[in-house]
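Opened a new notebook page for this one. I want the sheets, then the packing, then a few single residues.

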Amino acid sequence: MRVRILGTRGNIPLSARHYARHAGILVGGAVMLDFGEASYLRHEPGAIFVTHLHPDHAAFSGMRMPSLPPIFVPERTRALPDARLMTRPVTVGGYRVIPVPTRHSHKVRSLGYVVEQGRRRLFYSSDLLTIDRRYHSRLECLDLVITDGSFMRRGGMVRRDPRTRKLFGHAGIPDLVDFFRRFTRRIVITHFGSWFYHNIPASRRQIGALGDGVRVVAARDDMVINL
């Protein structure tokens, strides 16, 4: 399984060489997970799976449905009315894509995705606060996790909706590493927040130091991982 990380930048104004493009993962040329840049369509994937309907993950503006591959979304959107609602596993080009409900925003629904090919399994979540225990069984025996780098501090940024009282936001990278280490021995951090850009070499070292028995690395634009 060949995995290419197309972009690593969160929804922030800061940018840098190798960390300039918004969210996107290409698996084997067939499966695209998020497309934060319309230019990613040049890769001509067999299908696109969107984690949530924030613009840095779904660059719908100016797009025309007839020229697009099938696009799967967590909820209906007027921006792309012909997109397909992702409710069950989908097979594309020999890859099986399994939805995993996640918690991130109080305004939009979100999914992570397990992608399987033979015995190889990866999970991609992008922005993430938590995953309910009832979905943990879908995360067993992962070869790779690719997840949220919005906040380095433990505890991340968590808020409570005053109306519903539900929590939303981002877990910190240390929290995510602690959570995912039970499911994998290899974690790649992407979707970086402003903290990362202030001193990129130091930020990469901070991420790498979180391993403690698990390999944890910072992604970069166009990084290729072979599983």
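Below are my entries, in the order I looked things up.

**Entry 1: what I'm looking at.** This is a predicted model, so I keep in mind that local features are taken from residues with pLDDT of at least 70.

**Entry 2: sheet with S7 to S15.** I started with the open sheet of seven strands, ordered S7-S8-S9-S10-S11-S14-S15, with mixed pairing. At its edges I find S7 (90–92) and S15 (215–218), each of which pairs on one side only. I also looked up the twist: neighbouring strands here are turned by 25° against each other on average, direction ignored.

Inside this sheet I zoomed in on S10 (residues 120–126) and S11 (residues 144–149). They run parallel and are joined by four bridges. Which residue of S11 is the bridge partner of Tyr-124? I traced the pair and got Ile-146.

**Entry 3: helices lying on that sheet.** H1 (residues 173–180) lies across S10, S11, S14 (186–192) and S15. Its direction is at about 160° to S11. H3 (residues 200–208) lies across S14 and S15, and its angle to S15 is also listed as about 160°.

**Entry 4: sheet with S1 to S6 and S16.** The other open sheet I went through has seven strands in the order S6-S5-S4-S3-S2-S1-S16, again with mixed pairing. S6 (84–85) and S16 (223–226) each have a single partner strand, so one side of each is left without a neighbour in the sheet.

At the S6 end, S5 (residues 71–73) and S6 run parallel with two bridges between them. Val-73 has Leu-85 in S6 as its bridge partner.

**Entry 5: S3 and its two neighbours.** How many of the five residues of S3 are buried? Five of the five are, so S3 (residues 31–35) is largely enclosed by the rest of the structure.

On one pairing, S2 (residues 24–27) and S3 are antiparallel over four bridges, with Val-27 opposite Val-31. These two strands make a hairpin with three residues between them, and Gly-28 in the turn has a positive phi of about 60°. On the other pairing, S3 and S4 (residues 47–49) are parallel over three bridges. Val-31 turns up again there, standing opposite Ala-47 in S4. I like Val-31 as a bookmark, since it appears opposite Val-27 and opposite Ala-47.

**Entry 6: nonpolar cores.** The largest nonpolar core has 31 residues. Among those with the most contacts inside it are Phe-123, Leu-139, Phe-180 and Ile-207. I checked who contributes: S8 (95–102), H1, S14, H2 (194–197), H3 and S15 each supply at least two residues. H1 gives the largest share, five residues.

I then pulled the contacts of Leu-139, leaving aside neighbours within four places in sequence. They include Val-100, Val-114, Phe-123, Ile-131, Phe-179, Phe-180 and Phe-183, along with Arg-121. There is also a second, separate core of 29 residues, which includes Ile-25, Ala-47, Leu-111 and Leu-144. So Ala-47 from Entry 5 belongs to that second core.

**Entry 7: H3 up close.** Which residues of H3 are buried? I get Ile-200, Ser-203 and Ile-207. Viewed down the helix axis, they fall within an arc of 60°, so they line one face of H3. That set packs against H1, S14, H2 and S15. At the start of H3, I found a side-chain oxygen of Asn-199 within 3.2 Å of the backbone nitrogen of Ala-202.

**Entry 8: two loop residues.** Thr-51 sits in the loop between S4 and S5. Buried or exposed? Its relative accessibility is 1%, so Thr-51 counts as buried. Its side chain makes a polar contact of 3.0 Å with that of His-52. Beyond four places in sequence, Thr-51 touches residues including Asp-34, His-57, Pro-74, Arg-109, Leu-111, Tyr-113 and Tyr-124.

His-104 is in the loop between S8 and S9 (110–117). At 8% relative accessibility, His-104 counts as buried too. With neighbours within four places left out, its contacts include His-52, His-54, Asp-127, Leu-129, Phe-168 and His-170. His-52 thus links the two lookups: it has the polar contact with Thr-51 and it is in contact with His-104.

How values were computed. Residues numbered from 1 in each chain as written. Predicted model: local features only at pLDDT ≥ 70, side-chain atom pairs only at ≥ 80, totals over all residues. Heavy atoms only, no water. Pairing = 2+ DSSP bridges. Axes fitted to C-alpha atoms, helices over the stretch in contact; angles between N-to-C directions. Contact = heavy atoms within 4.5 Å. Core = buried A, V, L, I, M, F, W, Y, C linked by side-chain atoms within 4.5 Å. Buried < 20%, exposed > 50% of the residue type's maximum accessible area, 1.4 Å probe, protein only. Arc of directions from axis to C-beta. Polar contact = N/O pair within 3.5 Å; in protein donor to acceptor, adjacent residues only side chain to side chain.
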